[in-house]
Amino acid sequence: MCLKTPKGNLISACLANIELKFNYSINQQEILIVLVDVTNQGNCGTYPTPTIDGFDNNCSPKGRVVIPENQFSKGVYILTLKTPNFQIKSEFIVEDDKYELIIPSNDFFSSSIAEDYPMPKNILSGAVVYKGDENTESANNFLDELKNYGFNEIIVPNFDKIPLIDVDKNGNPINRHWPPDKHSLNFYRSMDNNFIEAFNIAQKHFDKSNININIFSSNGDQARLSKTEGVTVVFSN
């Protein structure tokens, strides 16, 4: 995004390495996002690319606003973006499985993403990675035990609108195999806010087998169990 002046000229944020700082506030159904600081961090690299307004550059301003999901309930919000040069009011619609930003036609503010389909809660995903066909049974034993404990195979809702890794056109996980005799068995499973239980199952099979296991939850948990790098786990709570 390049912010523009009321006359349509690119501001310096498009021509140099600019850090944009925003603050936000929410008052009932109104969201206010304010540009509070612009810091010039020097020129950025230029590359031979199609020009914008006569400038040949690879610059864009950097800045973001992170608003936790728990700040919103289902409904329609008025989202106001305010800068020293302009103020734009848009509609932000929150539904159970979709967020939608409707920006009125204007010369200053736009978004390449109009609709966003967030990853549903309580989905367990991951991969069992190993070398050697002799370890396939151990990998499948781990996946079978997940199912025995209620982590059932699923197709992620709106999988075609969420950038999922390793799924086919029907939403089924795709296993990967590459020489010499290396494998990655990928999975998506249902869960009930019980990532710790899934981690304990993974830990048991990791300890007794020659397999590596990566598991993630859509609630923010993650664990990596690597024979070369050890075990790293982060719980969302």
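Where along the chain is Asp-181 found? Keep that question in mind; the tour will come back to it. What you have open is a predicted model.

**Stop 1: the whole chain**

Colour the protein chain by secondary structure. You should find 2 helices and 12 strands. Following the sequence, the order reads β-β-β-β-β-β-β-α-β-β-α-β-β-β. The chain has 237 residues, and 35% of them count as buried. Now turn on the surface: about 14,200 Å² is accessible, with 48% of that belonging to carbon and sulfur atoms. Among contacts with a separation of 6 or more, 53% are between residues 24 or more positions apart.

**Stop 2: strand β1 and Ile-18**

Select Ile-18, which lies in strand β1. Its relative accessibility is 0%; buried means under 20%, so Ile-18 counts as buried. Next add Asn-40 to your selection. How far apart in space are Ile-18 and Asn-40, C-alpha to C-alpha? The distance is 4.7 Å, although 22 residues separate the two in sequence.

**Stop 3: the largest pocket**

Move on to the largest pocket, which holds about 1,100 Å³ of space. To find its centre, select Ile-33, Val-65, Leu-79, Leu-101 and Ser-111, the residues that lie nearest to it out of a lining of 30. Then highlight strands β1 (18-27), β3 (75-82), β5 (99-102) and β6 (115-116): each of them gives the lining at least two residues.

**Stop 4: Ser-90 and its contacts**

Select Ser-90 in strand β4, which covers residues 87-94. Is Ser-90 buried or exposed? Its relative accessible area is 3%, so Ser-90 is buried. Show its contacts, leaving out neighbours within four places in sequence, and you will find Tyr-77, Ile-78, Leu-79, Leu-101, Ile-102, Ile-103, Pro-104 and Phe-109. You have met two of these names before: Leu-79 and Leu-101 are among the residues nearest the centre of the largest pocket.

**Stop 5: helix α1**

Select residues 136-148, which form helix α1. Its 13 residues should span 18 Å at 1.5 Å a residue, and its end C-alpha atoms are indeed 18 Å apart, so the two values agree. Which residues of α1 are buried? They are Ser-138, Ala-139, Phe-142, Leu-143, Glu-145 and Leu-146. These residues cover an arc of only 160° around the axis, so they sit on the same side of α1. Look down the helix to view this arrangement. On the face turned away from the buried side, pick out the exposed residues Glu-137 and Asn-148.

Now show what the buried residues of α1 pack against: β7 (123-131), β9 (182-190), α2 (195-208) and β10 (212-217). Before leaving, click on Gly-150, which follows α1 and has a positive phi, near 95°.

**Stop 6: helix α2**

The other helix is a good one to repeat the exercise on. The 14 residues of α2 should span 20 Å at 1.5 Å a residue, which agrees with the 20 Å between its end C-alpha atoms. Select its buried residues: Phe-195, Ala-198, Phe-199, Ile-201, Ala-202, His-205 and Phe-206. Because they cover an arc of only 160° around the axis, they lie on the same side of α2. Asp-207 and Lys-208 are exposed residues on the face turned away from that buried side. The cover over the buried residues of α2 includes β7, α1, β10, β11 (222-226) and β12 (230-234).

**Stop 7: backbone surprises**

Most residues other than glycine have a negative phi, and most peptide bonds are trans. Keep that in mind for this last stop.

Go to the loop between β6 and β7, where Asn-122 is found. Asn-122 is not a glycine, yet its phi is positive, about 60°. Its relative accessible area of 24% makes Asn-122 partly exposed.

Then select Pro-179 and Pro-180, which are joined by a cis peptide bond with omega at about -5°. Pro-180 lies in the loop between β8 (176-178) and β9.

That brings you back to the opening question: Asp-181 is found in the loop between β8 and β9. Asp-181 has a positive phi of about 70° without being a glycine. With a relative accessibility of 32%, Asp-181 counts as partly exposed.

Technical notes
Residues are numbered from 1 along each chain as its sequence is written. This is a predicted model: local features need pLDDT of at least 70, side-chain atom pairs count only at pLDDT 80 or more; totals for chains, interfaces and linings use all residues. Side-chain values use heavy atoms; hydrogens and water are left out. Helices (H or I, at least four residues) and strands (E, at least two) are DSSP runs, numbered from the N terminus. Buried means under 20% relative accessible area, exposed over 50%, partly exposed in between (1.4 Å probe, protein chains only). Contact means heavy atoms within 4.5 Å. Accessible areas come from the Shrake-Rupley method with a 1.4 Å probe; for residues, only the protein chains shown count as cover. The expected span of a helix is 1.5 Å times one less than its number of residues. The arc is that of the directions from the helix axis to the C-beta atoms. On a 1 Å grid over the protein atoms alone, a cavity is a set of points where a 1.4 Å probe fits but cannot get out, and a pocket is an open set with protein on both sides within 12 Å along at least five of seven lines; lining residues have an atom within 4 Å of a point. Grid points are joined across faces, edges and corners, and a volume is the space filled by probe spheres set on the points.
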